[in-house]
Amino acid sequence: MIKIYQTKAIFRIEYELILNIKTLRKGWSQEALSRKMGLAENFVGKCESLDQPEKYNLRHLGILKKVFALKSLDDFFPDGIPNDEQIIIRYKKVPKKKADGSDSKLMDNVVVEIVVVDGETKAEVNKQKKKLV
């Protein structure tokens, strides 16, 4: 049986930002973008990982805007600003593929489901989630 994991509550805008930065950095590794930002090499990997609580913040957006030579912060959201809602992402872990097609020991997170949750703050939603468990 495949184990399903889930994130703590995050805002949809945070998740959409991660997806859009992945698209913007095409051809650049996470480590390369971290270096271009002047941050620790594992920084982008932590922000993009569903397993990690670290996410991009406003200071990072200013840096990323310069790195990608964007004209406006709106350029991070080409499809428009996402709804102001909190989500929990359910995902499974699958082995990354090596160049020869065989399974690596490294794992990728594959989204299974995104659930919209009610609550004014992340803390409120995460407390509710603990009560349900």
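This report walks through the fold, the largest pocket and a few individual residues of a predicted protein model.

## The overall fold

Let's start with the whole chain. Its secondary structure comes to 5 helices and 4 strands. If you follow the sequence from start to end, these elements appear in the pattern β-β-α-α-α-α-β-β-α.

Along its principal axes, the C-alpha trace spans about 45 × 40 × 25 Å. The chain has 133 residues, and 32% of them count as buried.

## The largest pocket

Next, look for the largest pocket, which has a volume of about 470 Å³. It is lined by 19 residues, and those closest to its centre are Q30, S49, M107, D108 and N109. Four elements each give two or more residues to this lining: α1 (12–24), α3 (43–48), β3 (86–97) and β4 (103–117).

Which element gives the largest share of the lining? That is β4, with 5 residues. Sorted by class, the lining of the largest pocket holds 7 nonpolar, 5 polar and 7 charged residues.

## A nonpolar patch on the surface

Now turn to the surface of the model. Here I2, I4 and V112 form a nonpolar patch, and together they have about 270 Å² of accessible area.

One member of the patch, I2, sits in the segment before β1 (5–6). Is I2 buried or exposed? I2 counts as exposed because its relative accessibility is 55%, and the cut-off for exposed is over 50%.

## Two loop residues to find

The loop between α1 and α2 (30–37) contains R25. Although arginine belongs to the charged class, R25 is buried, because its relative accessible area is 13% and buried means under 20%. Try locating V67 as well: R25 and V67 are 42 residues apart in sequence, while their C-alpha atoms are 9.8 Å apart in space.

The other loop residue to find is A69, in the loop between α4 (58–67) and β3. What is notable about its backbone? A69 has a positive phi of about 55°, although it is not a glycine. With a relative accessibility of 64%, A69 counts as exposed.

## Looking back

As you turn the model, you can pick out β4 by its 5 residues in the lining of the largest pocket. You can then compare two loop residues: R25 is buried, whereas A69 is exposed.

How values were computed. Residues are numbered from 1 along each chain as its sequence is written. This is a predicted model: local features need pLDDT of at least 70, side-chain atom pairs count only at pLDDT 80 or more; totals for chains, interfaces and linings use all residues. Side-chain values use heavy atoms; hydrogens and water are left out. On a 1 Å grid over the protein atoms alone, a cavity is a set of points where a 1.4 Å probe fits but cannot get out, and a pocket is an open set with protein on both sides within 12 Å along at least five of seven lines; lining residues have an atom within 4 Å of a point. Grid points are joined across faces, edges and corners, and a volume is the space filled by probe spheres set on the points. Patches are made of residues with over 30% relative accessible area and no salt bridge: like charges are joined within 9 Å, nonpolar side chains (Val, Leu, Ile, Met, Phe, Trp, Tyr) within 5 Å. Accessible areas come from the Shrake-Rupley method with a 1.4 Å probe; for residues, only the protein chains shown count as cover. A salt bridge is a side-chain nitrogen of Lys or Arg within 4 Å of a carboxyl oxygen of Asp or Glu. Buried means under 20% relative accessible area, exposed over 50%, partly exposed in between (1.4 Å probe, protein chains only).
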